[in-house]
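Biologist: I am new to this structure and would like to go through it step by step. Could you walk me through it with some questions and answers?

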Amino acid sequence: MALWKSRRKRNADKTLMQIAYGDVDNVVGYTKLSDNPDILIAVDKIADLVSNMTIHLMENTSKGDKRVRNQLSRKIDIEPHQNMTRKAWVYKIVRDLLLEGDGNSIVHIGVDPETTLISDLTPFQMQAVSYEDIDGGYLINYNGKIFHPDEVIHFVMNPNPNYPYKGTGYRVALRDIVKNLNQANKTKNSFMSGKYMPSLIISVDAMSEELTSEEGKEEILKKYTTESDSGARPWLIPADLVKVEQVKPLSLKDIAIIEGAELDKKTLAGLIGVPAFFLGVGSFNKEEYVNWVNTRAYSLGQILSQTLTKDILFNPNWYFKLNARSLYSYDLSEMVTAGVQMVDRNAMRRNELRNWIGLDPDEEMEELIVLENYVPASQLGDQEKLKGGGNNNDDE
């Protein structure tokens with residue numbers, strides 16, 4: 001008995017370690033959230049779009065905020081890690097926040113000992129991270145090595161009410177939804193296999209001896225079907241017992257599988273924070289998409305930019321900002337219309353508008369112009385009506 005208990009405890013410990021380190025493929029009865037296609041689609045869509053936003057290093061000035069381009073800005077936006085681009089780096093962070101890290105993502109700040117500059121910003125594998133509370137703070141345990149908060153960048157989503165330095169994820173809330181979606185997929189697969197939708201019904205004499213044995217049924221099937229017949233196994237029914245005129249198998253709609261799955265997908269989309277059409281429910285809605293960019297995508301961008309500013313920058317006039325303008329759903333005519341209005345109001349150079357729509361700059365379009373026959377700004381005072389010509393008409 002003692003040996004059995006000890007063996008059971010070792011197996012339980014092994015299972016817990018497999019789950020903790022992400023090696024769960026062989027754990028019986030355990031399904032990762034990332035194995036569910038709907039969760040994978042939602043998380044991938046958010047991470048993919050947020051990682052498209054460029055990271056700008058900004059400076060507060062008396063004339064407004066302006067973008068700073070230096071070695072630090074290039075490090076964060078172009079090459080945060082020697083083996084990763086900015087897009088891959090941000091994608092990893094957002095995926096950890098939403099899925100792998102349960103609302104947390106931790107990046108180690110590597111420092112070059114010779115130059116004392118940032119070398120690599122290395123994301124941790126969140127399955128191997130644990131936390132230890134201490135007076136006035138906390139410690140981070142990563143694969144047995146202890147890190148202090150000032151050695152890492154700790155991104156947090158949905159702060160824990162009891163431990164605000166830690167985030168909270170959606171694992172518990174998603175558990176029942178994922179269970180329902182997985183069951184719906186299994187039911188759909190059973191229907192698609194044709195197990196309960198026979199393509200042929202054969203009526204035979206109710207007193208026939210062939211119906212009393214499997215061998216007899218097989219002989220009847222061989223007589224009326226061929227090996228090339230596909231689909232589910234035909235039904236054999238007594239001719240005198242029941243009269244079949246038409247067979248209409250149940251569909252997924254008849255048993256409300258589609259409606260139930262769509263309801264679960266809408267709940268999942270609302271919980272994670274994506275429009276339902278990302279998961280195939282409904283059609284694309286531009287207003288809903290723009291609202292998503294202004295809320296969910298912007299919120300995740302704020303988490304990243306504020307955390308980077310707090311954990312990396314020392315200059316009080318500098319801050320990081322994720323540029324969300326590239327995420328908006330524009331068409332060419334909208335961009336041209338908005339740009340022309342700004343050009344007419346002397347708020348934009350024509351070369352800036354050309355950059356918006358992907359054209360190369362033109363030296364002749366660098367000068368500012370305004371709406372009065374598109375006169376260059378430097379020649380506004382040369383107009384005849386501003387030189388007193390209008391006064392002569394008044395004298396007449």
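**Sheets, cores and one buried arginine**

Modeller: Let us start with a sheet in this predicted model: 3 strands make up an open sheet, arranged in the order 5-6-7 with antiparallel pairing.

Biologist: Which strands stand at the edges of that sheet?

Modeller: An edge strand has a single partner strand, so one of its sides is left without a neighbour in the sheet. Neighbouring strands here are turned by 30° against each other on average, direction ignored. The two that stand at the edges are strand 5 (129–134) and strand 7 (145–147).

Biologist: Which residue in strand 7 does isoleucine 140 stand opposite?

Modeller: Strand 6 (residues 137–142) runs antiparallel to strand 7, and 3 bridges join them. In strand 7, the residue opposite isoleucine 140 is phenylalanine 147.

Biologist: In the open sheet with the order 2-1-11, what is the bridge partner of methionine 58 in strand 11?

Modeller: That sheet also has 3 strands with antiparallel pairing, and its edge strands, strand 2 (66–68) and strand 11 (318–322), each pair on one side only. The twist from one strand to the next averages 50°. Strand 1 (residues 55–59) pairs with strand 11 over 5 bridges in the antiparallel sense, and within strand 11 the partner of methionine 58 is tyrosine 319.

Biologist: Which helix packs on this sheet, touching strand 1 and strand 11?

Modeller: The helix in question has a direction that makes about 155° with that of strand 11. The helix that touches both of these strands is helix 8.

Biologist: How many residues of the largest nonpolar core come from helix 8 (residues 286–312)?

Modeller: This core holds 53 residues, and those touching the most other members are Ile46, Leu174, Leu268, Trp292 and Leu308. Leaving aside neighbours within four places in sequence, leucine 268 has contacts that include Asp38, Ile39, Leu174 and Leu279. Helix 8 gives the largest share of the core, and its contribution is 9 residues.

Biologist: How many residues are in the other core, which lies apart from it?

Modeller: Among the members of that separate core are Ile106, Phe124, Phe147 and Tyr165. The number of residues in this other core is 11.

Biologist: Does arginine 86 count as buried or exposed?

Modeller: Arginine 86 belongs to helix 4 (residues 86–100), and beyond the residues up to four places away in sequence it touches several others, including Ser51, Asn52, Ile76 and Pro80. The cut-off for a buried residue is under 20% relative accessible area. Since the relative accessibility of arginine 86 is 14%, this residue counts as buried.

Biologist: What polar contact joins the side chains of arginine 86 and aspartate 77?

Modeller: A polar atom of the arginine 86 side chain also lies 3.3 Å from the backbone oxygen of methionine 53. Between the two side chains of arginine 86 and aspartate 77, the polar contact is 3.1 Å.

Biologist: Among the elements of the chain, which has the lowest mean pLDDT?

Modeller: The chain averages a pLDDT of 77, with 67% of the residues scoring at least 70. Over residues 1–10 the pLDDT is below 50, and this stretch has 0 contacts in the model beyond near neighbours in sequence; over residues 14–30 the pLDDT is also below 50, though that stretch has 16 such contacts. Strand 8 (residues 152–156) has the highest mean, 96, whereas the lowest, 45, belongs to helix 1 (residues 2–20).

Terms used. Residues are numbered from 1 along each chain as its sequence is written. This is a predicted model: local features need pLDDT of at least 70, side-chain atom pairs count only at pLDDT 80 or more; totals for chains, interfaces and linings use all residues. Side-chain values use heavy atoms; hydrogens and water are left out. A nonpolar core is a set of buried Ala, Val, Leu, Ile, Met, Phe, Trp, Tyr and Cys residues joined through side-chain atoms within 4.5 Å. Buried means under 20% relative accessible area, exposed over 50%, partly exposed in between (1.4 Å probe, protein chains only). Helices (H or I, at least four residues) and strands (E, at least two) are DSSP runs, numbered from the N terminus. Contact means heavy atoms within 4.5 Å. A polar contact is a pair of N or O atoms within 3.5 Å; within protein, one must be able to donate a hydrogen and the other to accept it, and residues adjacent in sequence count only if both atoms are side-chain atoms. Two strands pair if DSSP finds at least two bridges between them. Axes are lines fitted to C-alpha atoms, for helices over the stretch in contact, and angles run from 0 to 180 degrees between N-to-C directions. pLDDT is the predictor's confidence in each residue, from 0 to 100.
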